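User: Could you take me on a close look at the interior of this protein? I'd like to know what is packed in there and how the pieces fit together.

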Amino acid sequence: MDIYKDFNFRLREYILKKHGSVSAFCRAAGIKYPAQMTPYLKGESIPGKKMLEKLANDGADVDWIMHGKRHRTLAGMGTRLMTSGYKVEMEQIMRRMRLLCQQMDEALSASFDAYAVLSGDLVLEEFTSSFEKFLGYAPAALKGTLFTALIHPDERKSVREQMISDNGNGAASDLSCRMQAADGSYVPVDWCFYCNSGMSNDRKEYVVLASKADDAS
């Protein structure tokens with residue numbers, strides 16, 4: 001109970017400052033009987049999940065009420081994640097990650113040297129560190145770089161056309177081409193990509209795996 005010490009006083013302070021009375025808060029929060037608040041306001045009972053959600057939906061700083069510490073993350077994110085809109089968004093993100101993991105299962109069973117995620121515009125967005133090490137670039141040097149700019153000019157057009165024409169409904173595509181290393185040389189690379197089109201606003205992204213070709217020097 002020490003971690004919740006005096007939560008009842010902070011709860012009462014919040015309610016009275018925002019609503020003027022416990023009854024007004026109950027009306028706003030959809031609590032039928034104001035007497036339900038009595039155990040919380042007396043410190044006899046700790047608010048459970050449903051009550052904390054009602055407080056969060058009402059705009060309360062739940063961390064402050066329960067622990068006496070102001071939540072200082074951007075825009076009160078910790079509290080706002082408890083609201084239904086943010087729950088939906090987080091669930092969508094988690095579904096996307098589970099889908100990517102499922103799509104990558106077979107590919108990840110094979111050995112590879114580099115892994116990255118590209119935007120629909122073929123720009124290196126996430127997990128670039130292994131690609132930078134793979135091609136000898138400094139850390140973060142490739143983030144925001146157009147992926148096809150790394151490919152030899154003689155092969156660049158065909159690779160780009162193959163990638164942007166993929167509608168995301170097929171299997172991973174295997175390719176071999178030359179990629180530019182940090183020293184300006186081109187090294188032969190075996191790689192594959194999977195187009196993921198199961199995103200909002202009809203956006204696409206590409207998951208890329210790569211390894212040095214057998215004839216790489």
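Analyst: Happy to. Let's start with helix α4 (residues 49-57), where Met 51, Leu 52, Glu 53, Leu 55 and Ala 56 are buried. Please keep in mind that this is a predicted model. After α4 comes Gly 59, with a positive phi near 100 degrees.

Now for the main core. The largest nonpolar core is made of 25 residues, and those with the most contacts inside it are Leu 118, Phe 131, Phe 147, Met 163, Met 179 and Trp 191. At least two residues of this core come from each of β1 (114-119), α8, α9, β3 (173-180), β4 and β5 (205-212). Strand β4 gives the largest share, 5 residues. Another core, of 20 residues, lies apart from this one, and Tyr 14, Val 22, Leu 41 and Leu 52 are among its members. You have already met Leu 52 as one of the buried residues of α4.

Back in the largest core, α9 is a good helix to follow. Its 12 residues reach 17 Å from the first C-alpha to the last, close to the 16 Å expected at 1.5 Å a residue. Glu 155, Val 159 and Met 163 are its buried residues. Viewed down the axis of α9, these buried residues fall within an arc of 65 degrees, so they line one face of the helix. What they pack against is a set of strands: β1, β3, β4 and β5. Met 163 shows this at the level of single residues: leaving out residues up to four places away in sequence, Met 163 touches Leu 118, Leu 122, Phe 147, Trp 191, Phe 193, Lys 204 and Tyr 206.

Several of those partners carry rings, which brings us to the aromatic residues. With ring centres required to lie within 6.5 Å, there are 5 aromatic pairs. One of them joins Phe 147 and Trp 191 edge-to-face, at 5.2 Å centre to centre and with 70 degrees between the planes. Phe 147 sits in the loop between α8 (129-135) and α9 (153-164), while Trp 191 belongs to strand β4 (residues 186-196), so this pair ties together parts that are 44 residues apart in sequence. Both of these residues, Phe 147 and Trp 191, are buried. Ring pairs also build a cluster, linking Phe 131, Phe 134, Phe 147, Trp 191, Phe 193 and Tyr 206. A charge joins in here too: the charged end of Lys 212 sits over the ring of Phe 134, 5.4 Å from the ring centre.

The loops deserve a look as well. Thr 148 is in the loop between α8 and α9, and at 4% relative accessibility Thr 148 counts as buried. Beyond its neighbours within four places in sequence, Thr 148 is in contact with Leu 122, Arg 156 and Arg 160. Leu 122 is also on the list of residues that Met 163 touches.

Ala 182 lies in the loop between β3 and β4. Ala 182 is partly exposed, with a relative accessible area of 41%. Setting aside neighbours within four places in sequence, Ala 182 is in contact with Leu 135, Gly 136 and Tyr 137. From C-alpha to C-alpha, Ala 182 and Leu 135 are 6.1 Å apart in space, although 47 residues separate them in sequence.

Conventions:
Residues numbered from 1 in each chain as written. Predicted model: local features only at pLDDT ≥ 70, side-chain atom pairs only at ≥ 80, totals over all residues. Heavy atoms only, no water. Phe/Tyr/Trp six-rings, centres within 6.5 Å; stacked < 30°, edge-to-face > 60°. Helix = DSSP H or I, 4+ residues; strand = E, 2+ residues; numbered from the N terminus. Buried < 20%, exposed > 50% of the residue type's maximum accessible area, 1.4 Å probe, protein only. Lys NZ or Arg CZ within 6 Å of the ring centre and 35° of its normal. Core = buried A, V, L, I, M, F, W, Y, C linked by side-chain atoms within 4.5 Å. Contact = heavy atoms within 4.5 Å. Expected span 1.5 Å × (residues − 1). Arc of directions from axis to C-beta.
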